[in-house]
Every structure is written in structure tokens, then in C-alpha cells.
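Reader: I've got a structure open and I'm a bit lost. Could you walk me through how to read it?

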Amino acid sequence: MATKETTSPAIIPSPSTGHDKSAVMETIEDLAYGSTAGIIGKYIEYPFDTVKVRLQSQPDHLPPRYTGPLDCFRQSIKADGVLGLYRGISAPLFGAAAETSSLFFFERIGREAVYVSGYCQRDRLLPLPALWFTGAFAGAFTSVVLTPIELVKCKVQVPASVEGATPKVPSVTSVIRDVYRHEGLRGFWRGQMGTFLRESGGSAAWFGSKETTTKMFYLLNEKSAATQSERDALATEALPLWQQAVAGASAGMSYNFLFFPADTIKSRMQTAPVGGSGQNRTFMQEAKAVWSHWGLRGFYRGCGITVLRSAPSSAFIFMVFDGLKRYLPLSGIYPSK
């Protein structure tokens with residue numbers, strides 16, 4: 001997904017911006033390759049995500065159960081074994097496929113919207129500020145798809161506990177059944193505001209950071225070339241794998257760090273017992289509760305481990321997606337450069 005400003009001819013367009021493919025084939029590639037990349041990334045990050053949600057969802061009225069990420073890992077493995085960290089992964093795998101494919105699909109739609117607006121001519125590549133906008137555009141629409149999936153995932157990862165009793169681990173189907181019985185379809189979008197803020201702001205940072213870092217590497221590589229022919233050759237090639245990995249990792253870390261408080265509030269709302277008093281809290285009420293009990297630190301529980309696990313996960317997602325788009329186009333036409 002390498003990009004360029006209109007004044008930087010050495011920076012090539014990404015495979016996804018080629019005009020040789022029809023809109024239908026572009027859509028199929030976005031959905032198929034985005035799903036593949038998302039599933040791979042989810043297998044890498046899921047144990048860390050389980051720990052993150054458990055840290056975020058500790059009750060206000062009790063002393064913290066976990067002293068930190070390592071203690072949460074230790075207690076979780078002792079109680080449920082390593083496989084317990086993958087509890088409920090079926091819904092997140094579907095969610096990862098839906099999220100990542102939706103992000104790449106809506107990001108491309110966002111690019112089309114920018115072209116239609118007249119901000120940039122269609123035969124020119126979008127400047128970086130526009131690419132940060134298209135990321136926010138993609139995240140805003142994706143949040144609607146993602147909220148129900150994340151709600152089910154969080155409830156499976158953190159079973160509602162009853163004082164004096166060991167919490168029963170729910171299944172995906174039982175969670176869906178209970179939510180629908182008590183709250184109807186509307187209940188599946190509990191925490192939508194948190195998901196919207198995290199996805200719109202975070203996706204702007206995700207795509208924007210990746211594109212900004214990619215451009216930086218292309219400019220650095222261009223400066224290292226001795227001749228114009230070498231510069232032209234560099235401009236038509238994909239970045240070295242380590243540079244692709246760094247660009248993808250920077251995207252994941254930016255996404256998770258900048259809007260982590262919104263994710264914390266969302267997780268608390270979605271892990272509240274179905275039918276309990278906690279379900280009545282609004283986004284702002286939940287935020288006030290976190291602030292009153294824990295202060296600023298409460299919004300960043302699990303942030304370190306989340307940012308850490310996002311680096312390899314996001315790197316693999318972009319490397320897989322960009323590699324498939326570049327070297328395995330479903331239309332049978334090699335993307336234009």
C-alpha cells in the first residue's frame with residue numbers, strides 16, 4: 001500500500017490503487033485477502049487480547065484481581081491452561097475476518113469519495129492527509145459491523161461472576177441467546193460509541209501511520225540509489241520485508257495506543273452482566289466510574305500488552321494483504337505501477 005504525494009514521482013501507488021481491475025474484482029480482493037490477513041493476525045494476538053480484556057474488566061468494588069499483565073497470564077494459565085487464553089476465539093476469528101476485510105473495503109470506498117469530492121484528481125495518488133481521512137472513514141463504518149462481534153467475544157473471555165461461585169464459561173451461542181432474550185437486537189450494539197471512537201480514530205492512525213512510514217522508507221531508499229535507473233527500479237518494487245514489517249507494526253501500535261481509553265470503556269460496558277445494573281450505564285457514566293475509582297491509570301489497564309502484541313499482528317496483516325494484492329490478483333492482471 002505504498003503511496004506518494006503528487007510531487008513525489010518516486011513513490012509508487014499501492015497494488016490496491018491500480019485501475020486495471022474492475023470495482024467488482026477490487027471488492028472481492030478486499031474481502032478475501034482482508035479476511036485472510038485478519039485471521040492470521042488474530043491467531044497471533046488473541047491470547048494477549050484475552051489478558052487485556054480481563055485487566056480492563058476488573059470490578060470497581062473489589063481489589064484488583066491481577067497485579068499486571070504477567071500476573072494475569074500466570075493466573076489464567078494456572079486456572080484454564082494455555083488453551084484457556086484462546087477461549088471464545090471462534091467469534092473473534094469471524095470478527096477479525098469481518099473487521100479487516102471491512103477496513104480495507106471501506107478505505108477504498110473512502111478514497112473514491114475523496115476523488116469524487118474533487119479534492120484530488122483521479123489520476124493522482126492521494127496525499128497523506130487524505131489517507132488519514134480515508135482511514136477514519138473506514139473505521140467509522142466498520143465499527144457498526146464490529147460491535148456485536150466484540151460484545152460476544154468479551155462476554156466469552158470474561159464470564160460474569162457471581163459472588164462466592166466460580167463463573168460458568170458461556171458458549172458463543174449461549175451469549176447470543178441471553179443478550180437477545182434480555183435486550184433484543186439493540187443489546188448487541190452495547191458499547192457502540194466506544195467502538196466508533198476507537199475504530200474511526202484508531203483506523204485513521206492505522207492506515208495513516210502505515211502510509212506515512214511507507215513513504216518515508218521509499219524516500220530513504222531513493223536517496224541511497226546511485227543512479228536514476230536504480231531510483232526508477234526502486235519505485236516499481238515493493239519495500240523490503242523488514243521495512244514492510246516496520247510500517248505495519250507502527251500502524252498497529254498507533255491504532256491501539258491513541259484511543260485505548262475508548263476501548264477500555266467499551267470492554268467494561270460489554271462485559272457487564274446481561275440483565276444486571278451495569279448494563280444501564282452509558283458511555284459517559286462508565287467513563288466517570290473509571291475515573292472516580294482508578295483515575296487516569298484506569299483507562300490504560302492492559303495498554304502496554306495491547307500495544308506490544310499489536311506490532312507483530314499488524315505487521316503480518318499488512319504484509320499478507322499487500323503481498324496477496326500484489327502477487328496474486330484475482331483478476332489475473334498484475335496491478336499497474
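Reader: Let's start with helix H2: what covers its buried residues?

Author: First, the vocabulary. Helices are DSSP runs of H or I with at least four residues, numbered from the N terminus. Buried means under 20% relative accessible area, exposed means over 50%, and partly exposed is in between, using a 1.4 Å probe and protein chains only. A contact means heavy atoms within 4.5 Å. Now the case here: the cover over the buried residues of H2 includes helix H1 (23-56) and H11. The buried residues of H2 are Asp 71, Cys 72, Phe 73 and Ser 76. Cys 72 has 0% relative accessibility, so it counts as buried.

Reader: Where do these values come from?

Author: This is a predicted model, where local features need pLDDT of at least 70 and side-chain atom pairs count only at pLDDT 80 or more, while totals for chains, interfaces and linings use all residues. Residues are numbered from 1 along each chain as its sequence is written, and side-chain values use heavy atoms, with hydrogens and water left out.

Reader: Okay. How many residues does H2 have, and what should they span?

Author: The expected span is 1.5 Å times one less than the number of residues. H2 (residues 69-80) has 12 residues, so it should span 16 Å, and its end C-alpha atoms are indeed 16 Å apart. Right after H2 comes Gly 81, with a positive phi near 80 degrees.

Reader: Let's try H5 too. Which of its residues are buried?

Author: In H5, Ser 174, Val 175 and Val 179 are buried. Look down the helix axis and take the directions from the axis to the C-beta atoms, which is how the arc is defined. The buried residues of H5 fall within an arc of 130 degrees, so they line one face of the helix. What covers them includes helix H4 (128-157).

Reader: What does the face of H5 turned away from that side carry?

Author: Exposed residues: Thr 173, Tyr 180 and Arg 181. The length check works for H5 as well: its 12 residues (172-183) should span 16 Å, and the end C-alpha atoms are 16 Å apart, which agrees. H5 is followed by Gly 184, which has a positive phi near 70 degrees.

Reader: And what sits in the loop between H4 and H5?

Author: Ser 171 is one residue found there. At 35% relative accessibility, Ser 171 counts as partly exposed. Its C-alpha lies 9.2 Å from that of Arg 87, although the two residues are 84 apart in sequence.

Reader: Now the rings. How do I describe a pair of them?

Author: You give the distance of the centres and the angle of the planes. Rings of Phe, Tyr and Trp (its six-membered ring) pair if their centres lie within 6.5 Å; planes under 30 degrees apart count as stacked, over 60 as edge-to-face and the rest as tilted. Searching the whole structure turns up 17 aromatic pairs. In one of them, Phe 104 and Phe 318 have ring centres 5.8 Å apart and planes at 90 degrees, so the pair is edge-to-face. Phe 104 is in helix H3 (residues 90-117) and Phe 318 in helix H11 (residues 303-327), so this pair ties together parts 214 residues apart in sequence. Phe 104 is buried at 3% relative accessibility, and Phe 318 is buried at 1%.

Reader: What about a stacked pair: which residues form one?

Author: Phe 260 and Tyr 300 do, with 6.3 Å centre to centre and 15 degrees between the planes. Phe 260 belongs to helix H9 (residues 260-270), while Tyr 300 is in the loop between helix H10 (283-294) and H11, 40 residues apart. Phe 260 is buried at 1% relative accessibility, whereas Tyr 300 is partly exposed at 32%.

Reader: Which residues make up an aromatic cluster?

Author: Phe 104, Trp 206, Phe 207, Phe 318 and Phe 321 form one.

Reader: One last thing: is Ser 203 buried or exposed?

Author: Ser 203, in helix H6, is buried, with a relative accessible area of 0%. Leaving out residues up to four places away in sequence, Ser 203 touches Leu 103, Gly 135, Ala 136, Gly 139, Arg 198, Gly 208 and Tyr 255.

How values were computed:
Helices (H or I, at least four residues) and strands (E, at least two) are DSSP runs, numbered from the N terminus.
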